[in-house]
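Let's take a walk through a protein chain together, one piece at a time. Keep the picture open and follow along.

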Amino acid sequence: LGIRPAMSNTAVAIFHDVGVFGMWPGVLKVLHADHAAKYRTFEGHWTKNRLGTGFAYWGFPEDVFRDFGPLIRLPRQRR
């Protein structure tokens, strides 16, 4: 979130090993900071994403990253 003001209106932020290290609260903070942001985990044709690596993105047309992996829908409200 610290570099978000320096990022473009269209950007991609890579998150490595989110699942294995339990960093979902950090992903939630990013999504909560920009309601247009979306998060996908990457899935290859020959391998499954077992570590939870994914990427947040905003400012792109809805279908640009459709083939990269599933869109992850996380709760947006703070607890």
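**A loop residue at the surface**

F60 is partly exposed, with a relative accessible area of 32%; here buried means under 20% relative accessible area, exposed means over 50%, and partly exposed is in between (1.4 Å probe, protein chains only). Before we go on, note that this is a predicted model, where local features need pLDDT of at least 70 and side-chain atom pairs count only at pLDDT 80 or more, while totals for chains, interfaces and linings use all residues. Residues are numbered from 1 along each chain as its sequence is written, and side-chain values use heavy atoms, leaving out hydrogens and water.

So where does F60 sit? Look in the loop between β3 (54–58) and β4 (71–72); strands like these are DSSP runs (E, at least two residues), helices are runs too (H or I, at least four), and both are numbered from the N terminus. F60 joins V12, I14 and V64 in a nonpolar surface patch of about 300 Å². Patches take residues with over 30% relative accessible area and no salt bridge, joining nonpolar side chains (Val, Leu, Ile, Met, Phe, Trp, Tyr) within 5 Å and like charges within 9 Å. The areas come from the Shrake-Rupley method with a 1.4 Å probe, and for residues only the protein chains shown count as cover.

**A strand with two faces**

Now follow V12 and I14 back to their strand. In β1, V12 and I14 make up the uncovered face, while A11, A13 and F15 make up the covered one. Why the switching? In a regular strand the side chains alternate between the two faces of the sheet.

The covered residues A11, A13 and F15 belong to the largest nonpolar core, which has 11 residues, also including V27, L31 and W58. Such a core is a set of buried Ala, Val, Leu, Ile, Met, Phe, Trp, Tyr and Cys residues joined through side-chain atoms within 4.5 Å. β1 (11–15), α1 and β3 are the elements that give two or more residues to this core.

β1 and β3 also pair up, in the antiparallel sense, over five bridges; strands pair if DSSP finds at least two bridges between them. One such match is F15 with its bridge partner G54 in β3. Leaving aside neighbours within four places in sequence, A11 is in contact (heavy atoms within 4.5 Å) with A56, Y57, W58 and F60.

**Charged pairs**

How many salt bridges does a search of the whole structure find? Two, where a salt bridge is a side-chain nitrogen of Lys or Arg within 4 Å of a carboxyl oxygen of Asp or Glu. In one, K38 meets E62, with the closest N and O atoms 3.9 Å apart. This pair links distant parts of the chain, since K38 is in strand β2 (residues 38–41) and E62 is in the loop between β3 and β4, 24 residues apart. K38 is partly exposed at 24%, and E62 counts as exposed at 52%. R66 and D63 form a salt bridge too, their closest N and O atoms being 3.8 Å apart.

**Two last stops**

Stay with strand β2 and find T41. At 10% relative accessibility, T41 counts as buried. Its contacts beyond four places in sequence include N49, G54, F68 and I72.

Finally, visit D17 in the loop between β1 and α1. Phi of D17 is near 55°, a positive value in a residue other than glycine.
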